[in-house]
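I wanted two things from this model: its charged side-chain pairs and its open space. My entries follow.

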Amino acid sequence: MAVLAATAFAAGCIGTGAGIAEADTGVACLWAGDGYRQGLTISAGGWNFTCRTDSGGGPYWAVDHAVNGHSTVHNPGANSNPAGLFSPGARQPGTSYNDFCVGSQLIEGAEDIYQAVADRNGAMYWKAAGSIDLWTFDGGTGPQRSWRSSSLCYDGVLS
């Protein structure tokens with residue numbers, strides 16, 4: 001009987017090392033699709049971010065302070081909807097995904113840093129959070145210019 005109980009316990013523990021421990025009651029924060037435990041601090045774009053929970057118990061990244069050194073996480077840029085990839089508070093350099101028009105002028109998304117935010121219904125989106133000059137790119141990389149041009153802007157609408 002003891003052997004059966006030990007086998008059942010061991011089987012239940014398989015696979016728990018890769019994720020958040022079962023004793024950890026905090027909600028994981030997402031960064032580029034990877035989960036990080038509550039209280040963990042990561043570095044991205046020259047800034048520290050700490051995984052916290054908001055007043056409703058949801059995960060969010062708190063921006064701590066500027067740091068020197070390389071990012072400790074993958075930074076693909078704000079190249080798609082952040083839902084399921086980033087928790088609120090995460091920041092990424094803008095990409096052509098964030099391009100928009102003002103009249104007939106193209107405003108390139110790569111000119112800003114974007115922060116993942118959730119509206120009151122929980123829908124996620126990117127919101128401009130500062131100039132791209134505030135982001136430190138690793139290894140000689142930098143903002144990627146848009147493939148779009150102002151010719152795609154018509155009365156403020158990007159086509």
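Which side chain meets that of aspartate 99 in a salt bridge? I found arginine 148, at 3.2 Å, N to O. I used the usual cut-off here: a side-chain nitrogen of Lys or Arg within 4 Å of a carboxyl oxygen of Asp or Glu.

I noted that the model is predicted, so local features need pLDDT of at least 70 and side-chain atom pairs pLDDT 80 or more, while totals for chains, interfaces and linings use all residues. Residues are numbered from 1 along each chain as its sequence is written, and side-chain values use heavy atoms, with hydrogens and water left out.

I placed aspartate 99 in the loop between β6 (91-93) and β7 (100-102), and arginine 148 in the loop between β10 (124-131) and β11 (153-154), so the pair ties together parts 49 residues apart in sequence. Strands are DSSP runs of E, at least two residues, numbered from the N terminus. Aspartate 99 is buried, at 8% relative accessible area; buried means under 20% and exposed over 50%, with a 1.4 Å probe and protein chains only.

The structure holds two salt bridges. In the other entry I have glutamate 108 with arginine 145, closest N and O atoms 2.9 Å apart. Glutamate 108 is buried at 11%, whereas arginine 145 is exposed at 62%.

I then looked up the largest pocket (an open set of 1 Å grid points where a 1.4 Å probe fits, with protein on both sides within 12 Å along at least five of seven lines; lining residues have an atom within 4 Å of a point). Its lining has 15 residues, with Asn75, Pro93, Trp135, Phe137 and Thr141 nearest the centre.

Terms used: Helix = DSSP H or I, 4+ residues; strand = E, 2+ residues; numbered from the N terminus.
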